[in-house]
Amino acid sequence: MGPLATDLNLPGLPEMAQSLHTSDALAAATVSVCFAGFALGQLMVGGLTDRFGRRRPAVVSMGVFTLTSALCALAPSIGWLLVFRFCQGVAGAGVQVAIRSAIRDYAKGSAAARLYSQLSMVSMTAPILAPILGGTVLRFTSWRGLFWALTVICALLFVLALVRIEETLPPSHRRIGGGHVRTLLAVARHEGFGQHLVLSVCQGVILFTYITIGALFLRHEYGVNAQTYSYLFAINGAGMVLGQAFNARLVTHWGSLRILTGSIIGYATGCTVLAIAVLTHAPLPLISAAMFVTLTTLAASTPNNLALAMVPFGAAAGTATSLLGATQQLAGAIVPSLAAVIGTSGRVMVLTMLCAGLVGVVQLFTVIRPRARAGAVREFEHRPASVRS
């Protein structure tokens with residue numbers, strides 16, 4: 001749901017700005033506010049999945065997501081489009097939280113990292129197909145047609161969800177009563193959780209800065225048209241699938257910490273090369289290669305960070321994954337938007353990505369690896385209000 005919402009309409013951002021008589025920055029903000037909706041929506045839905053199970057919030061959210069996709073296609077102005085995109089993000093958050101929580105119902109540690117990678121391999125087909133589909137649709141219609149295509153796709157997924165999604169959290173294990181805010185704060189303060197939260201933010205900043213500014217940068221500085229950009233975006237999406245496949249195959253043998261270390265070093269190196277290439281106005285193939293390496297290694301890092309962070313959490317899995325996802329999405333909404341205000345140039349994009357990559361390296365070697373080697377993992381025991389057990 002998330003990749004479809006953000007990636008399908010990326011080739012149409014320049015045309016959207018012209019059609020609605022607005023700036024490139026506000027057109028790019030339609031992506032950022034969707035991320036913000038995903039962030040805040042996760043905070044709201046996470047506790048609901050712990051209380052009502054995983055299936056019901058997922059199905060309802062998918063139905064609302066379909067409706068808001070149609071409203072985006074009918075938006076009369078950039079203001080209304082921003083509102084509908086935010087609501088679309090809130091609805092899409094329910095699906096993401098429910099599925100990630102369901103995985104924690106089954107497994108944790110390296111086994112969970114493998115499942116997260118397999119899930120991501122499926123969802124990553126959207127970044128490969130969505131921009132190509134978007135570029136193709138733009139040849140026959142306007143940017144509004146992209147949202148109508150999204151509406152049709154989501155309607156089909158909604159029907160599939162009604163038939164196929166099963167419940168993974170039995171009533172006997174659900175949290176009831178109040179205490180969601182207290183649980184959220186307790187999870188945030190839990191020993192060792194903050195380190196993964198910071199790394200999740202860094203990962204989100206790198207990915208969403210590329211998504212938000214990349215299309216405008218390549219269009220204005222390298223003359224890349226919508227169709228060509230969709231192919232470049234699809235290649236990078238294929239790289240992310242490759243990174244997830246690599247992780248799913250090897251994580252049970254190498255362990256999450258080892259792969260997390262290698263992937264963080266990989267995407268920090270990729271960001272460095274990309275920054276040098278952009279600042280020296282290197283040829284487009286070198287720019288594309290650096291982006292490919294950065295996003296491929298970034299994809300391998302995310303499921304391992306998520307799996308390591310979720311180890312202490314059982315009944316509060318929905319709250320924990322919502323907090324991780326929300327902070328990542330919120331950082332992805334705020335940081336690229338602030339960067340886009342400064343400018344939509346390649347210089348702004350790569351320096352933002354490089355800063356996040358370097359912070360991730362520092363976090364890894366100063367906090368995450370020392371704590372993991374010391375085996376400092378304490379089970380989460382906070383119990384708000386009333387808990388069935």
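Me: Helices here are DSSP runs of H or I with at least four residues, numbered from the N terminus. So going by that numbering, which helix is the place of V361?

Reply: Bear in mind that this is a predicted model. The run to look at covers residues 346–374, and V361 has its place there. That run is helix 15.

Me: Is V361 buried, partly exposed or exposed?

Reply: Buried needs under 20% relative accessible area, and exposed needs over 50%. V361 comes out at 22%. That value falls between the two cut-offs, so V361 counts as partly exposed.

Me: How far apart in space are V361 and F147, C-alpha to C-alpha?

Reply: Along the sequence, V361 and F147 are 214 residues apart. In space, going from C-alpha to C-alpha, the separation of V361 and F147 is 38 Å.

Me: And what separates the C-alpha atoms of G343 and V361?

Reply: G343 sits in the loop between helix 14 and helix 15, and V361 is in helix 15. Along the chain, G343 and V361 are 18 residues apart. Their C-alpha atoms are separated by 26 Å.

Me: Is G343 buried or exposed?

Reply: The loop between helix 14 and helix 15 holds this glycine. Its relative accessible area is 17%. Since the cut-off is under 20%, G343 is buried.

Me: Which helix gives the largest share of the nonpolar surface patch?

Reply: The patch is formed by L40, L330, I334 and L338, with about 330 Å² of accessible area together. L330 lies in helix 14, and at 33% relative accessibility L330 counts as partly exposed. The largest share of the patch is 3 residues, and they come from residues 317–342, which is helix 14.

Me: How many cavities of 30 Å³ or more are there, and how much space lies in the largest cavity?

Reply: Rolling a probe the size of a water molecule over the atoms shows where empty space is left. The count comes to 1 cavity of 30 Å³ or more. The space in the largest cavity is about 50 Å³.

Me: Which helix gives the most to the lining of the largest cavity?

Reply: The lining is made of L10, P11, P14, A215, L218, R219, V224, N225, A226 and Y229. Two elements give two or more residues to this lining, helix 10 (193–222) and helix 11 (226–254). The top contribution is 3 residues, and it comes from helix 10.

Me: By class, how many nonpolar residues does the lining of the largest cavity have?

Reply: Start with what isn't nonpolar: the lining has 1 polar and 1 charged residue. The nonpolar count in the lining is 8.

Me: Which side chain meets R219 in a salt bridge?

Reply: Side chains of opposite charge can pair when their charged atoms come close. The structure holds 1 salt bridge, with an N to O distance of 4.0 Å. The partner that meets R219 there is E15.

Me: How many residues apart in sequence are the parts that R219 and E15 tie together?

Reply: At 24% relative accessibility R219 counts as partly exposed, and E15 does too at 31%. R219 lies in helix 10 and E15 in helix 2, so the pair ties together parts whose separation in sequence is 204 residues.

Me: Where is H21, which has a positive phi although it is not a glycine?

Reply: The phi of H21 is about 55 degrees. H21 is exposed, with a relative accessible area of 74%. H21 is found in the loop between helix 2 (13–19) and helix 3 (24–52).

Me: What is the phi of H281, about?

Reply: H281 is in the loop between helix 12 (256–279) and helix 13 (284–310). At 48% relative accessibility, H281 counts as partly exposed. H281 isn't a glycine, yet its phi is positive, at about 50 degrees.

Me: How far apart in space are C271 and C355, C-alpha to C-alpha?

Reply: C271 lies in helix 12 and counts as buried at 1% relative accessibility. In sequence, C271 and C355 are 84 residues apart. In space, C-alpha to C-alpha, the separation is 8.8 Å.

Me: And what separates the C-alpha atoms of Y116 and I99?

Reply: Y116 has its place in helix 6, residues 110–123, and counts as buried at 3% relative accessibility. Y116 and I99 are 17 residues apart along the chain. Their C-alpha atoms are separated by 9.5 Å.

Methods:
Residues are numbered from 1 along each chain as its sequence is written. This is a predicted model: local features need pLDDT of at least 70, side-chain atom pairs count only at pLDDT 80 or more; totals for chains, interfaces and linings use all residues. Side-chain values use heavy atoms; hydrogens and water are left out. Patches are made of residues with over 30% relative accessible area and no salt bridge: like charges are joined within 9 Å, nonpolar side chains (Val, Leu, Ile, Met, Phe, Trp, Tyr) within 5 Å. Accessible areas come from the Shrake-Rupley method with a 1.4 Å probe; for residues, only the protein chains shown count as cover. Buried means under 20% relative accessible area, exposed over 50%, partly exposed in between (1.4 Å probe, protein chains only). On a 1 Å grid over the protein atoms alone, a cavity is a set of points where a 1.4 Å probe fits but cannot get out, and a pocket is an open set with protein on both sides within 12 Å along at least five of seven lines; lining residues have an atom within 4 Å of a point. Grid points are joined across faces, edges and corners, and a volume is the space filled by probe spheres set on the points. Ala, Val, Leu, Ile, Met, Phe, Trp, Tyr, Cys and Pro count as nonpolar, Asp, Glu, Lys and Arg as charged, and the others, Gly among them, as polar.
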